[in-house]
Amino acid sequence: MTARSGISVVVRWPLVGVLALLALPLLVASSRAADDGVVPGSDPAAARLLERAAAAESVLGYRAVEVVSDTDGDGGQATAVLTLSHVPGRGTLVLEDASATTPSRAGLAQEGSRRPELLVPLLQRSYRLALGGTTLVAGRPATVVLAERPDGGTAARFWVDDRSGLLLRRQVLDRWSRVVSSQSLMRVWLSASPAPFLPPLLPSVGTPSLSGAAAAAWCDRGWPCPARLGPLTLFDVRTVQGSATTALHLTYSDGLSTVSVFVERGRLQVVPSMGTSKATVGGHVVLERGGVPSQLIWAADGYVLTVVSDAPRDVDDQVVAELPHGGADTSAWARLQRGAGRVLSWLNPFG
Amino acid sequence: MAGRDRHPGDRLAALADGRLAEPERSRVVVHLAECPRCLAEYDTQLAMKGLLGGLSAPGTPGDLSARLTGLAADPHAAGSRRPPATRPRMRGGHPPQRSRRARVARAGAVGSVAAMLLVGVAWVAGGGPSGPTVVPPVDRYVREHAAVSVGVPLTEPALSQLAKGLVPLATQPAEAVTVR
């Protein structure tokens, strides 16, 4: 069993969830919505640089060689060399070179899946943005932007190309200032010719996002949907096909990492093919599948929760600690309340 | 009526459903006017149907209450469908007119039964985790996660997570994978 430190935080998620979902369309629609609840003290010049980088990622044609490095929960490190080729209007072609154990692989991320307007509002809800000087990356002059936690620690560093605005390097750090993930462009060719072929599309979402009102209706019916999990903000809600019924897919981000929470009503059944083992995360025993991204599973209050996370481990701890845990209250009064709620939901033609 | 001194039994449910035809319907209604126990059972059945169906009580004769009240207060007033000569006579144990005390007792009995019914339904419905058995489709969830995460620019999924969805290349185009 892997043990991680836990932070116990009691969250009244139904109320908080509704409030957050009311703000969801604003967050998605406009960066100005981030004025509410932002960490104060950001340098506007730093925010503008990141907005430029988010836009450049979509509008520039370029080819690049990138080194990607991730640290998993057990301290292991996985590194990959990718060749990126962005075709404006079409998407980003990603190639992974052949290694001794795997053949070359490829995929295409569709242009339409990007939401550049999300980045700065999400970052500013958790971090203070500041300029961090200039340096050279891949032989190109770049300006460093820092994302600082409210307590003063650095959560991430961004290196933005002075000439094109393209993000050249990014590092995410945990609370102990250790780099837990990094992406760095080693060579960049701007205005490169379009890729000579387009490989199969990478997975795309099959269902649209729910409106704020529709998402709030799920929360009103008792589904767990907190507005915030640790430093992460809820920015997307949709339904997906679960194991037996419809599952709710909640997506959170702080602009550095993304965490998905899948919620399905029912009783958890563990089968060997799931490949899970017990782990203590955020002070709670859950089932964990190894690898990146983190995959954590548990049951609580008649729901089965599955967390898929790209976040550092300390953020995973907060996420797990702030979601519901434990079985249903077994007191007679709680049972009667639960039953009354269920009967009312059966009788509700809109339920 | 031949069976007016017998309790209607299953015919109460038929009356509540609106499935009881004349002249049986009138016979049962007359019996209800005279028998608090059957009237309480009838009210309970109506309450159950209304509760479980989320609908108004089905099959309730629109003028039933008025007729019952009328029968109790003035046998002649509600006897338009029946000659007075055929008006049932009360047997021993059934007072010819319900007193206020009897009505209060009946209302109390009905209320108690309805309350117990509601508590019972809530108790049964509230037992244990509900819903089907769930084996989370984690692999599919990881793909869904990557697909939504890529929308946030400059984040981990937009770069390295993409690699997790890559597919092997059967034929490797030389130009596309050339790294200078």
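How many disulfides does a search of the whole structure find over all chains? The search finds one, and the legends below describe it together with other local features of this predicted model.

**View 1. The disulfide between Cys219(A) and Cys225(A).** The sulfur atoms of Cys219(A) and Cys225(A) are 1.8 Å apart. This pair qualifies as a disulfide because the cut-off for the two sulfur atoms is 2.5 Å. Cys219(A) is buried, with a relative accessible area of 3%. Cys225(A) is likewise buried, at a relative accessible area of 1%.

**View 2. Helix H4 of chain A and its two faces.** Helix H4 of chain A spans residues 212-220, and its buried residues are Gly212(A), Ala215(A), Ala216(A), Trp218(A) and Cys219(A). These residues lie on the same side of H4(A), because they cover an arc of only 150° around the axis. On the face turned away from this buried side, H4(A) carries the exposed residues Ala213(A) and Asp220(A). Gly222(A), just after H4(A), takes a positive phi of about 100°.

**View 3. Surroundings of Trp218(A), and a second arginine over a ring.** Trp218(A), one of the buried residues of H4, forms one aromatic cluster with Trp223(A) and Tyr303(A). Arg221(A) lies over the face of Trp218(A), at 5.1 Å from the ring centre. Elsewhere in chain A, Arg169(A) is placed over the face of Trp159(A), with a distance of 5.4 Å to the ring centre.

**View 4. The aromatic pair Phe262(A) and Tyr141(B).** Over all chains, the count of aromatic pairs comes to three. In one of them, the ring centres of Phe262(A) and Tyr141(B) are 3.9 Å apart and the planes stand at 0°, so the pair is stacked. Phe262(A) belongs to strand E14 (residues 258-265) of chain A and Tyr141(B) to helix H6 (residues 138-149) of chain B, so the pair joins two chains. Both Phe262(A) and Tyr141(B) are buried.

**View 5. The largest nonpolar core and a second, separate core.** The largest nonpolar core has 29 residues, of which Leu250(A), Val261(A) and Trp298(A) touch the most other members. Elements of chain A that each supply at least two residues of this core include H4, strand E13 (246-253), E14, strand E18 (294-300) and helix H5 (313-322). Leaving aside neighbours within four places in sequence, Val261(A) is in contact with residues including Leu229(A), Leu248(A), Leu250(A), Tyr252(A), Leu305(A), Val307(A) and Leu323(A). His249(A) and Thr306(A) are also among the contacts of Val261(A). A second core, separate from the one just described, has 21 residues, among them Ala46(A), Leu49(A), Ala53(A) and Val160(A).

**View 6. Positive phi at Ala138(A) and Asp301(A).** Ala138(A) has a phi near 55°, a positive value in a residue other than glycine. The loop that holds Ala138(A) runs between strand E6 (128-137) and strand E7 (140-148) of chain A. Ala138(A) counts as partly exposed because its relative accessibility is 33%, and the partly exposed class lies between 20% and 50%. For Asp301(A), phi is also positive, near 55°, in a residue other than glycine. Asp301(A) is placed in the loop between E18 and E19 of chain A. With a relative accessibility of 36%, Asp301(A) counts as partly exposed.

How values were computed. Residues numbered from 1 in each chain as written. Chains lettered and ligands numbered in written order. Predicted model: local features only at pLDDT ≥ 70, side-chain atom pairs only at ≥ 80, totals over all residues. Heavy atoms only, no water. Buried < 20%, exposed > 50% of the residue type's maximum accessible area, 1.4 Å probe, protein only. Helix = DSSP H or I, 4+ residues; strand = E, 2+ residues; numbered from the N terminus. Arc of directions from axis to C-beta. Phe/Tyr/Trp six-rings, centres within 6.5 Å; stacked < 30°, edge-to-face > 60°. Lys NZ or Arg CZ within 6 Å of the ring centre and 35° of its normal. Core = buried A, V, L, I, M, F, W, Y, C linked by side-chain atoms within 4.5 Å. Contact = heavy atoms within 4.5 Å.
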